[in-house]
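Subject: Structure handover

Hi,

Here is the structure I promised to pass on. Please open it alongside this note.

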Amino acid sequence: MKLAKILLSTFFLANTLTFAQSSAVSGSGERTTSTGDKITLQEAIDFALKNNLSIKQNNLQVEQGLNTLEQSKWARYPTLNGGTNFNLFSGRNINPYTNGIITNTVGSNGFGLNSGVTLFDGYQTRNGIALNQLNLEASRLDLQAMKNQITLNIVVGYLNVLSQQDLLAVAQRQMEVTQTQLERTQKLVNAGSLPETNLFDIKAQLANDEVSVVNAENAIISAKLTLKQLMNAGADRDIDVVRVEVPNPNIQPYPTSSAQVYEIAQSFLADVQAADMRVKASQKSVDIAKGLKMPVVTASAGLNSSYSTAAENVSVTQKIVETEAGYVNVGGTRYPVIAFLPTSTSTSEKINYFRQLGGNSNASLGLSVRIPIFNGYSTKFRLTTAQINQKQSEVQAENVRLRLRQDIDQAYVNLTNSAKRYSALGNQVRALEESFRAAESRFNVGSLNALDYSISKTNLDRARINQIQAKYDYIFRIKILDFYQNKPLSF
């Protein structure tokens, strides 16, 4: 509500400056027309909500919160990862197929598929999902609170344009009255009924009225610029608000008490709900920190296979071969010794790629438990931090409610004071109108000098300007209390 208060202060400061620059107002005249694009209050609000950069930024924060939530939900499911590798070795190497030493160029290729899942982690994943859900809801409520604030700001800016148009209308009307009085005075001076000094005073008054009209026109331009800035519209865009006839309000007690407004406001106001969401989120953070004390159980599974260019099948053939092993001498005669010796021959055949992959495949299953015993008190300190954050969020939520209650109480006081001021100014305007009519009659017959006539007129002008300011002030005070009850801000 701080920005609304700043805008409200600007609203009344602009009106005050207009009064300081203009010295006369009387009656109600025709309002000036504009060739700019006509926009209604609802169109101005819709345009601002669509183009406001802060809203766009908060929308991205909501999207980021949604992305974080979805990511945390998928953390419950098993992971699955695959991999492959290719290696080439030259020189003295180990045959990966036989584990023998070879001097050759060996190429290898491997494949792996691995999966893992957390079976239990002290409910950290579950609480993390709940935490992200609460943070997402809080971001959405922040976005809604910002939209509500911008809507209220647009209403203030729109009312400011309307009030400046009203002030311009009465300034134009007053200039017309002074012009008429100047023509009448000129005739009386020409007839010798009034001294020429009266004519000079009326001309000076007319010049002041012309300045007042110019100042009022400038004030409208400034009010429209403020409205366009609130809408985030280009300064070069020519706009004109659709005239909303704001009737003179009836002074009557507000139908809802301050306590009732507060109960309604805290039940729906996005600021309060967002603060409550953050209290719940901080509680989940405490639960996550407590989960760090509990064991973590994970399961894993794997499937792997490999291929090597050194892999081969070796076939060995054995047979008995007859051979002379030597001679023996028997009685001077040499006889050959025949031996039957086993011999073997081998042949090798490369094992093809897919046959190796099928023959070398292996699978694995695993279950692991990690039990926290001592980690430098990191869990303890993290839990303490989460508990402190929880207390801070609780205090913040109480502070939001306290500020809300104070704002509502202040709005009630402001409404009461505004009603009294508007009522008193109405009585003052009626009294000064009677006084001015009498002064005008006396001036026309020459029994009142121009200075006293100007003072009477200025007093009435001041009262009418104050009455216009009080009117919009009172209406805005009512809209503030309506806003706290989620009532439409339209007129």
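Below is what turned up, grouped by region.

First, a caution: this is a predicted model.

**Helix 6 and what covers it**

Start with helix 6, residues 258-268. Which of its residues are buried? They are Ser258, Val261, Tyr262, Ala265 and Gln266. These residues lie on the same side of helix 6, because they cover an arc of only 120 degrees around the axis. Their cover includes helix 7 (270-291), helix 9 (378-444) and helix 10 (450-484).

Two residues are worth a look here. Leucine 404 touches Tyr262, Ala265 and Gln266. Leaving out residues up to four places away in sequence, its contacts also include Leu269, Val272 and Tyr484. Arginine 405 lies over the face of tyrosine 262, at 5.0 Å from the ring centre.

**Nonpolar cores**

The largest nonpolar core has 56 residues. Which members touch the most others? Ile154, Leu227, Met231, Leu404, Ile408 and Tyr484 do. Helix 4 (residues 124-190) gives this core its largest share, 14 residues. Another core, of 17 residues, lies apart from it. Among its members are Val189, Phe443, Leu448 and Ala463.

**Aromatic pairs**

The count comes to 10 aromatic pairs. Take tyrosine 254 and tyrosine 412. Their ring centres are 6.0 Å apart and their planes stand at 85 degrees, so the pair is edge-to-face. The pair links distant parts of the chain, 158 residues apart. Tyrosine 254 sits in the loop between strand 6 (239-241) and helix 6, and tyrosine 412 in helix 9. Are these tyrosines buried or exposed? Tyrosine 254 counts as buried, because its relative accessibility is 16% and the cut-off is under 20%. Tyrosine 412 also counts as buried, at 16% relative accessibility.

Then look at tyrosine 422 and tyrosine 474. This aromatic pair is stacked, with 6.3 Å centre to centre and 5 degrees between the planes. Tyrosine 422 lies in helix 9 and tyrosine 474 in helix 10, so the pair ties together parts that are 52 residues apart in sequence. Both tyrosine 422 and tyrosine 474 are buried.

Ring pairs also link Tyr307, Tyr353 and Phe354 into a cluster. One more ring carries a charge over it: the charged end of lysine 380 sits over tyrosine 377, 5.5 Å from the ring centre.

**Strands 5, 7 and 10**

Now the strands. Strand 5 (residues 106-120) and strand 7 (residues 296-308) run antiparallel and are joined by 12 bridges. Glycine 110 has serine 306 in strand 7 as its bridge partner. Strand 7 is also joined to strand 10 (residues 362-370), by 9 bridges. These two run antiparallel as well. Alanine 299 has leucine 367 in strand 10 as its bridge partner.

Serine 108 is found in strand 5. It counts as buried, because its relative accessibility is 14%. What does serine 108 touch, not counting residues up to four places away in sequence? The contacts are Asn85, Phe86, Asn87, Phe89, Tyr307 and Ser308. Tyr307 is also a member of the ring cluster with Tyr353 and Phe354.

**Where to begin**

I would open on leucine 404. It touches Tyr262, Ala265 and Gln266, which are among the buried residues of helix 6. Leu404 is also one of the residues that touch the most other members of the largest nonpolar core.

Best wishes

Key. Residues are numbered from 1 along each chain as its sequence is written. This is a predicted model: local features need pLDDT of at least 70, side-chain atom pairs count only at pLDDT 80 or more; totals for chains, interfaces and linings use all residues. Side-chain values use heavy atoms; hydrogens and water are left out. Buried means under 20% relative accessible area, exposed over 50%, partly exposed in between (1.4 Å probe, protein chains only). Helices (H or I, at least four residues) and strands (E, at least two) are DSSP runs, numbered from the N terminus. The arc is that of the directions from the helix axis to the C-beta atoms. Contact means heavy atoms within 4.5 Å. A nonpolar core is a set of buried Ala, Val, Leu, Ile, Met, Phe, Trp, Tyr and Cys residues joined through side-chain atoms within 4.5 Å. Rings of Phe, Tyr and Trp (its six-membered ring) pair if their centres lie within 6.5 Å; planes under 30 degrees apart count as stacked, over 60 as edge-to-face and the rest as tilted. A charge sits over a ring if NZ of Lys or CZ of Arg is within 6 Å of the ring centre and within 35 degrees of the ring normal. Two strands pair if DSSP finds at least two bridges between them.
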